[in-house]
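Visitor: I am new to this structure and would like a close look at a single part of it. Could you take one piece slowly and then show me what lies around it?

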Amino acid sequence: MSDINSNIPEGELTNKWTKFKSSVPLVNPSNKRTIEVIIVGSGLAGASAAATLAEMGYKVKCFCFQDSPRRAHSIAAQGGINAAKNYQNDGDSVYRLFYDTIKGGDYRSREANVHRLAEVSTNIIDQCVAQGVPLAREYGGLLDNRSFGGTQVQRTFYAAGQTGQQLLLGAYSALERQIGMGKVEMYTRHEMLEVVKIDGKARGIIARNLITGEIERHFGHAVVLGTGGYGNVFYLSTNAMGSNVTAAWKAHKQGAYFANPCYTQIHPTCIPVSGDHQSKLTLMSESLRNDGRIWVPKKKDDNRKASEIPEDERDYYLERRYPAFGNLVPRDVASRAAKERCDAGYGVGASKLAVYLDFKANTERYGKIEASKSGIHNPDKETCMRLGTEVIKAKYGNLFDMYAQITGENPYETPMRIYPAVHYTMGGLWVDYNLMTSVPGLYCTGEANFSDHGANRLGASALMQGLADGYFVLPYTIGAYLSKEISVKAIPTDHPAFVEAEERAKGILNTLINIKGTKSVDHFHKRLGHIMWEKCGMSRSETGLKQAIEDIRALRAEFWSNVKVPGIAEELNPELEKAGRVADFIELGELMCIDALNRNESCGGHFREEYQTEEGEALRDDEDFAYVAAWEFKEGVNFELHKEELKFENIKVAQRSYK
Amino acid sequence: MSTGNMNLTLKVWRQKNNNTKGALVDYKLAGISPDMSFLEMFDVLNEDLITKGEEPVVFDHDCREGICGMCSMFINGRPHGPKDLVTTCQLHMRSFKDGDTIVVEPWRAAAFPVVKDLTVDRSAFDRVIAAGGFISVNTGNAQDANSLPIPKMQADAAFEAAACIGCGACVATCKNASAMLFVSAKISQLALLPQGQPERYRRVQSMVAQMDAEGFGNCTNTGACEAECPKGISLENIARMNRDFASAKFVSEETI
């Protein structure tokens, strides 16, 4: 079935990576000094790769659109990072992390990549601690762990609710160290607008200096994209305002296949939308499901306050439907269950599009433990709640503060109201085992690639994958390519391929500025988001998707004839930046719908209404769809499907059950 | 609840670029909802300006959840506005009243030149980190993470210092435009951890030297930085940095 080669090494699953590492060709130190690598993106995947490659001796250029590499959106990851350390002695192992990830991804990821991820997960924690990342510790001085969805072990390392921040600042400091030594040239406030290909290989990029508007040409023997996910195609998501698909999409248009674009993760615990003015959604970390119980009233349209609804009139629907995993089912399952309850009329809050996340039971439980520690036996309820609140505060204080700030409600007193929101995209540029796209010399790491999470990512696995790719995988695999490039001298940027790519980039900018239409960029972005959320969001259907494709094509035509971009291209012009990104989102949106329409099954985050079990669970079709859908861009805006067959040789494929 | 009924007058700093002079420009806004964030209120303003054919206000922002440190508005004389412990993006309009006049300016400091309107250049912070805000450990050098137990109190203290988001509010509020709270937070984080000890005194010297070279002012113990810091970074860090800086001359064999 496969017509593309994923270059997975031969041999036993457990030995593939070890064998690969010890047999991959090397580049000697003096050659490394003349080999240039471009890294686009400075999040966990980009910064870690940039720092590591520079440490190894390569000449590195790193680009980010923010004013500092420290601001990449990895910084906002809250809950934690998984690693198969088994520090809790609860039966964890590399195999178990591998197994949980494959199962969590609903059997739509590549065994070899996932096993490698599980193998290097332990090195990440060691590396981060050595860098001075202050991960949470127990009184004995050793590292603490907590539970995340889709697992029955405690393997998640964390730093309060700011794990992403601390890990990114670790990678950032490693990157700044190399910048200080002159081994990485950092280009902040730069946006990549084109990939430059020479003789079929990626040889550089065209970037726009966002301050001056100047278009720059940069050569690299290889180009790495660590540019994050495309959740902002939905307009409202938990992504940062600037998060975009542009770099990946330009690469796609230059021949890099885009894989599984329809696999979108809708995170179950986000603060609900409060109005039309909303510009982004805020996540409440999955870690809250360790101590928060999710419920709705048993009665339809119950308008009583949460505190007035007695215990026996509450439906703890996750605990009811999934007794084995309860509130810690994977994200896709939890999101769909919330939607099901709200659609059936049991939602809470003014919009009725929310469910409760309630900490009361566990606050009281913690309070009892604390009371008994301080020698208070048979404490009254008030004492329990007071002491328990302190424990909850220590664990999740910053999240509770954020919730209070955004909603104006006190979550220590009333349960949080939450609803699913777009959070992460499992799809991305297709890469082989080496993390190389279908364009030779063009690599893709972190959320921007498709490789490890299948159709659904487990909590605390994004940070793991970003850092695995950047610190431990790419620095090895890129050597396989660069070892053959040692005789290639730096190509001058007056080469026709650079000139042509620059013309393409400038052409788009000028077109956007000169349309001088009547509607703002945000106007189109919101409309696109609405189509995507309604038709290609938590549940999808053939008729809906067909309609969406038509609507998006019409929107694209309207965008290119009626968008209004103020100002000029030769200055700092955020509206122009947004316009370019939204233009790419519109094309991507169409591909996502095409991919969702092609996949006649339900798996993970992709739920097709036509394909479900009697209990409403996702119904996979392993016979026909156990493949990666890798789309090739064709002239106009057309796409051709290539398939990479997924072979499961080490794991028994089964219907996912969390009951 | 999507639209509100607050009417506001904004006085916003407009400046084309670093070579031109700027000025406060008045804008009237109606129909603002108290549930909007401060930046969403600016989105409304910009949408209005674009519709009218005027140039929207340029301001830095990204995550809009208070962690990336990119937003940087000086609101009614205070960085990040009137509420303690929040960034501009997490400030909501319910913190203002109908009819209010709100003055919005960029961070002002010699080391943070204005780029355009409310956007400033904070790359000086990156250069201070590049001078020594790290532990020199290459990828692959690390020992098992649990081979180095660290007392919880110490790890927690390091974490509290590490919570700095590098927004620059401390510099913006300081009458001397001092960056000592920012610099000392990173120095403290690493000085509190055993991994940070080998480079402890070298680090404090190089980072302080770079801080001075960037043109940040000195600290005169006013404490405005601590009061305005959206992440509650403590003044104790500055004391720790000063102690280490002084000790470096005696303890360290490598004076930089």
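Guide: Let us begin with one pair of residues, in a model that is predicted: P297(A) has R314(A) as its bridge partner, and R314(A) belongs to strand 13 of chain A. That pair is part of the antiparallel pairing between strand 12 of chain A and strand 13 of chain A, which is made over 2 bridges. Strand 12 of chain A also pairs with strand 14 of chain A, again running antiparallel, and here 3 bridges join them. Within this second pairing, I294(A) is placed opposite L357(A), a residue of strand 14 of chain A. As for its surroundings, strand 12 of chain A is mostly covered, since 4 of its 5 residues are buried.

These pairings belong to an open sheet of 5 strands in chain A, whose order is 11-15-14-12-13 and whose pairing is antiparallel. Strand 11 (264–270) and strand 13 (314–315) of chain A stand at the edges of that sheet, and because each has a single partner strand, one side of each is left without a neighbour in the sheet. In general, the strands of a sheet pair through backbone hydrogen bonds, and they may do so in a parallel or an antiparallel way.

At the edge formed by strand 11 of chain A, the partner is strand 15 (residues 416–425) of chain A, and the two pair in the antiparallel sense over 5 bridges. One example of this pairing is H267(A), whose bridge partner in strand 15 of chain A is A421(A). Across the sheet lies helix 9 (residues 331–343) of chain A, which covers strand 11, strand 12 (293–297), strand 14 (355–358) and strand 15 of chain A, and which runs at about 65° to strand 11 of chain A.

Further along chain A there is helix 15 (residues 542–562), whose 21 residues reach 30 Å from the first C-alpha to the last, close to the 30 Å expected at 1.5 Å a residue. Several residues of helix 15 of chain A are buried, among them L545(A), I549(A), I552(A) and F559(A), and the buried residues of this helix pack against helix 14 (521–536) and helix 16 (574–598) of chain A.

In the loop between helix 16 and helix 17 (622–625) of chain A we find Y611(A). This residue is partly exposed, with 19 other C-beta atoms within 10 Å, and, leaving aside residues up to four places away in sequence, Y611(A) touches N600(A), E601(A), S602(A) and L619(A). Y611(A) and L572(A) are 39 residues apart in sequence, and their C-alpha atoms are 48 Å apart in space.

Finally, chain A has a contact with chain B, which takes 63 residues from chain A and 65 residues from chain B. On the side of chain B that touches chain A, the elements giving two or more residues include helix 1 (38–51), strand 6 (114–116) and helix 2 (123–130) of chain B, and by class this side has 31 nonpolar, 19 polar and 15 charged residues. Chain B itself is divided into domain 1 (6–113) and domain 2 (122–251), whose C-alpha centres lie 29 Å apart. The contact between these two domains takes 18 residues from domain 1 of chain B and 17 residues from domain 2 of chain B, and the residues on the domain 1 side divide into 11 nonpolar, 5 polar and 2 charged.

Methods. Residues are numbered from 1 along each chain as its sequence is written. Chains are lettered from A and ligands numbered from 1 in the order in which they are written. This is a predicted model: local features need pLDDT of at least 70, side-chain atom pairs count only at pLDDT 80 or more; totals for chains, interfaces and linings use all residues. Two strands pair if DSSP finds at least two bridges between them. Two residues are in contact if their C-beta atoms, placed from the backbone, lie within 7 Å. Axes are lines fitted to C-alpha atoms, for helices over the stretch in contact, and angles run from 0 to 180 degrees between N-to-C directions. Domain bounds come from an automatic or database domain assignment. Ala, Val, Leu, Ile, Met, Phe, Trp, Tyr, Cys and Pro count as nonpolar, Asp, Glu, Lys and Arg as charged, and the others, Gly among them, as polar. The expected span of a helix is 1.5 Å times one less than its number of residues. A residue is buried if 20 or more other C-beta atoms lie within 10 Å of its own, exposed if 12 or fewer, and partly exposed in between; C-beta atoms are placed from the backbone.
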